[in-house]
Amino acid sequence: MTVIITTNEPKRIRELFANRLEVPMNFDIMLLTKSGKIGIERKKVPDDLLSSVTDGRLKREISAMRQECSIQIVLLHGKISYDSRDFVDFGRKKASTHGWNMKGVTNLIRTIRYVEGCYVEEANTNRDLVGVVNDLQEY
């Protein structure tokens, strides 16, 4: 099956999918399945996920998926690490200055699920990402 992927995704992500159609979209991936259209917004964690909440992008992307797809998924790509005080570890950036801790991230994911009504999937690696998308195509 063909993966419909936005031209806004980085080339290295688009090229993970051999059978793809690249088109401009307001979210990242669309799958045409027997269960209907599935919209996927891929969020690299922690940076892209948390900054998209702060600047309002995630809300707009979820809204775009709702308009076009019967199933909406926010796919967390990567793994969130926490420091010894349970703040998100942003690598060399000072984590505690960003204000995101484990409880805040947990509540954010709950909000995506319960308030926004989106499913949340996880893919730690690029291989996992391709696996999740392939599995969803069969859904």
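The legends below describe close-up views of a predicted model.

**View 1. The open sheet and its strand order.**
Six strands form an open sheet in the order 2-1-3-4-5-6, and their pairing is mixed. The edges of this sheet are strand 2 (20–23) and strand 6 (119–123), each of which pairs on one side only. Between neighbouring strands of the sheet there is an average turn of 25°, with direction ignored.

**View 2. Strand 3 and its two partners.**
Strand 3 covers residues 29–33 and runs antiparallel to strand 4, residues 36–44, with five bridges joining the two. A hairpin of two residues leads from strand 3 to strand 4. Within this pairing, leucine 32 has lysine 37 of strand 4 as its bridge partner. Strand 1 is also antiparallel to strand 3, and two bridges join them. Here isoleucine 5 has isoleucine 29 of strand 3 as its bridge partner. Is strand 3 largely enclosed or largely open? Four of its five residues are buried, so strand 3 is largely enclosed by the rest of the structure.

**View 3. Helix 3 across the sheet, with glutamate 68.**
Helix 3 lies across strand 3, strand 4 and strand 5 (71–77), and its direction makes an angle of about 165° with strand 4. Glutamate 68 belongs to helix 3. This residue has a relative accessible area of 41% and is therefore partly exposed, since the partly exposed class lies between 20% and 50%. Which residues does glutamate 68 touch, if those up to four places away in sequence are not counted? They are Phe27, Met30 and Lys37. The last of these, lysine 37, is 31 residues apart from glutamate 68 in sequence, yet the two C-alpha atoms are 7.5 Å apart in space. Lysine 37 is also the bridge partner of leucine 32.

**View 4. The packing of helix 2 against helix 3.**
Helix 2 (residues 47–55) and helix 3 (residues 57–68) pack with their axes 5 Å apart and at an angle of about 90°. The two helices are therefore roughly perpendicular to each other, because angles of 65 to 115 degrees fall in that class. From helix 2, the residues Asp48, Leu49, Ser51, Ser52, Val53 and Asp55 take part, and they meet Arg57, Leu58 and Arg60 of helix 3. By character, the residues of this contact comprise four charged, three nonpolar and two polar.

**View 5. Two nonpolar cores.**
In soluble globular proteins, nonpolar side chains tend to be buried together. The largest nonpolar core of this model has 24 residues, and Leu49, Leu50 and Ile112 have the most contacts inside it. Helix 2, helix 3, strand 5 and helix 4 (102–115) are the elements that give two or more residues to this core. Leucine 49 is in contact with Lys43, Lys44, Leu58, Leu76, Leu108 and Ile112, leaving aside neighbours within four places in sequence. A second core of 17 residues is separate, and Ile5, Ile13, Ile73 and Leu129 are among its members.

**View 6. Glutamate 9 in the loop after strand 1.**
Glutamate 9 is located in the loop that connects strand 1 (3–6) with helix 1 (11–14). Is glutamate 9 buried or exposed? Its relative accessibility is 6%, so glutamate 9 counts as buried, because the buried class lies under 20%. Apart from neighbours within four places in sequence, glutamate 9 is in contact with Arg14, Asp28 and Arg42.

**View 7. Backbone details in two loops.**
Proline 46 is placed in the loop between strand 4 and helix 2. The peptide bond that leads from valine 45 to proline 46 is cis, and its omega is near 0°. Another loop, between strand 5 and helix 4, holds aspartate 86. Although aspartate 86 is not a glycine, its phi is positive, at about 70°. With a relative accessibility of 37%, aspartate 86 counts as partly exposed.

Note on methods
Residues numbered from 1 in each chain as written. Predicted model: local features only at pLDDT ≥ 70, side-chain atom pairs only at ≥ 80, totals over all residues. Heavy atoms only, no water. Buried < 20%, exposed > 50% of the residue type's maximum accessible area, 1.4 Å probe, protein only. Contact = heavy atoms within 4.5 Å. Axes fitted to C-alpha atoms, helices over the stretch in contact; angles between N-to-C directions. Parallel < 35°, antiparallel > 145°, perpendicular 65-115°, else oblique. Nonpolar A, V, L, I, M, F, W, Y, C, P; charged D, E, K, R; others polar. Pairing = 2+ DSSP bridges. Core = buried A, V, L, I, M, F, W, Y, C linked by side-chain atoms within 4.5 Å.
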